[in-house]
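Let's take a walk through this protein model together. Have the picture open while you read, and look up each piece as it comes along.

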Amino acid sequence: MRAITATDRAAGVGGLSLTELPYPHAAENDVVVQVHAAGFTRGELDWPGTWTDRAGRDRTPTVPGHELSGVVAELGYGTTGLTVGQRVFGLADWARNGTLAEYVAVEARNLAPLPEDVDHIAAAALPISGLTAWQGLFDHAHLQPGQSILVHGVAGAVGSVVAQLARETGAHIIGTGRAADRAAAAELGVHEFLDLGSERLEEAGEVDVVFDVIGGEIRDRSTALVRPGGTLITIPDPPTVQPTGGRAVFFVVEPDRRQLAQLATRLREGRLVPLVTTVRPLAEAPAAFTERGRTILTSTNL
């Protein structure tokens with residue numbers, strides 16, 4: 001099969017190339033998926049799990065990418081809940097070969113059925129951003145109707161899904177970004193927008209939830225905006241400051257079939273639109289890693 005591989009960690013994006021690899025083996029409770037569309041995170045070439053297996057052993061050449069949408073091609077021993085030929089989407093394992101390939105082996109529990117009338121490209125753009133938003137808002141922050149939330153990077157892949165789910169929940173949404181993001185924020189239903197390049201973050205006032213995708217100084221300054229009993233959610237790295245009378249939560253997104261199914265329902269009904277900036281063929285993945293925006297790669301003619 002064709003796959004994008006990385007062979008030299010020090011080379012970064014320059015070490016990516018389109019190569020031929022053996023068809024993947026379906027271990028117990030695995031499925032092999034024929035990948036129709038795949039997503040990736042630009043920083044993943046710096047992640048330890050990109051280069052080692054769960055035991056810490058080197059596994060180069062490695063295939064990046066963790067989001068996928070496609071069709072089940074094979075079932076491993078003991079796999080239940082999915083069938084050959086079924087449309088699926090989900091999140092591939094962090095420490096195994098990923099989704100920038102024509103086929104990938106994935107634990108069945110990491111996947112959810114994909115309705116027939118949902119586009120593979122939209123589905124492949126959703127697993128990381130969708131699950132991150134869902135778990136941050138509902139598992140960790142327990143967002144409730146009528147509460148207020150400050151969403152950093154509201155026009156980005158994660159922030160845009162956070163805004164859409166928060167809007168559906170009935171929260172008051174304040175989004176941050178650059179001046180060019182103001183129109184996109186309005187389309188997402190954001191009630192207030194702060195341009196961090198020209199406006200003071202502190203103008204947002206106190207909120208029940210801060211959802212941070214930036215980290216660093218912005219995250220630390222945001223802790224003062226969390227009202228007592230509120231929550232700061234951050235995904236870049238663990239917080240260094242705790243909100244007074246509140247809490248700060250750092251987490252790494254996890255696969256969850258039930259949550260994926262909830263997201264797929266919203267996608268199908270038009271209640272949720274993931275960010276997709278560009279669609280490229282699989283062979284153009286090395287160039288896509290250097291671009292701004294959200295790129296989805298396809299290994300079939302969709």
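## A parallel sheet

Let's start with one pair of residues: valine 151 sits opposite phenylalanine 211 in β11. They belong to two neighbours, since strand β8 (residues 148–151) and strand β11 (residues 207–212) pair in the parallel sense over 3 bridges. Here, two strands count as paired if DSSP finds at least two bridges between them. Strands (E, at least two residues) and helices (H or I, at least four) are DSSP runs, numbered from the N terminus. In general, strands of a sheet pair through backbone hydrogen bonds, either parallel or antiparallel.

Now zoom out to the whole sheet. It is open, has 6 strands with parallel pairing, and follows the order β10-β9-β8-β11-β12-β13. At the edges you'll find β10 (192–195) and β13 (247–250), each pairing on one side only. From one strand to the next, the twist averages 15°.

A quick word on the source: this is a predicted model, where local features need pLDDT of at least 70 and side-chain atom pairs count only at pLDDT 80 or more, while totals for chains, interfaces and linings use all residues. Residues are numbered from 1 along each chain as its sequence is written, and side-chain values use heavy atoms, with hydrogens and water left out.

## Helices on the sheet

Helix α2 (residues 127–140) lies across β8, β11, β12 (226–234) and β13, and runs at about 150° to β11. Helix α3 (residues 157–169) packs on the sheet too, touching β8, β9 (172–177) and β11, and its direction makes about 170° with that of β8. Contact means heavy atoms within 4.5 Å. Axes are lines fitted to C-alpha atoms, for helices over the stretch in contact, and angles run from 0 to 180 degrees between N-to-C directions.

How much of α2 is buried? The helix is mostly covered, with 11 of its 14 residues buried, including Leu131, Trp134 and Leu137. Buried means under 20% relative accessible area, exposed over 50%, and partly exposed in between (1.4 Å probe, protein chains only). Just after α2, histidine 142 takes a positive phi of about 55°.

## The partners of α2

At what angle do α2 and α3 pack? It is about 50°, with their axes 8 Å apart, and that makes α2 oblique to α3. The cut-offs: under 35 degrees is roughly parallel, over 145 roughly antiparallel, 65 to 115 roughly perpendicular, and the rest oblique. Among the residues making this contact are Trp134 and Leu137 of α2 and Val161 and Leu165 of α3. By class, the contact has 10 nonpolar, 4 polar and no charged residues. Ala, Val, Leu, Ile, Met, Phe, Trp, Tyr, Cys and Pro count as nonpolar, Asp, Glu, Lys and Arg as charged, and the others, Gly among them, as polar.

Helix α6 (residues 257–268) packs with α2 at about 110°, their axes 10 Å apart, which makes α2 roughly perpendicular to α6. Trp134 and Asp139 are among the α2 residues here, and Leu263 and Arg266 among those of α6. This contact divides into 5 nonpolar, 4 polar and 2 charged residues.

## Two more strands to find

Strand β3 (residues 30–39) and β6 pair in the antiparallel sense over 5 bridges. In β6, tyrosine 103 is the bridge partner of glutamine 34. Since 4 of the 5 residues of β6 (residues 103–107) are buried, this strand is largely enclosed by the rest of the structure.
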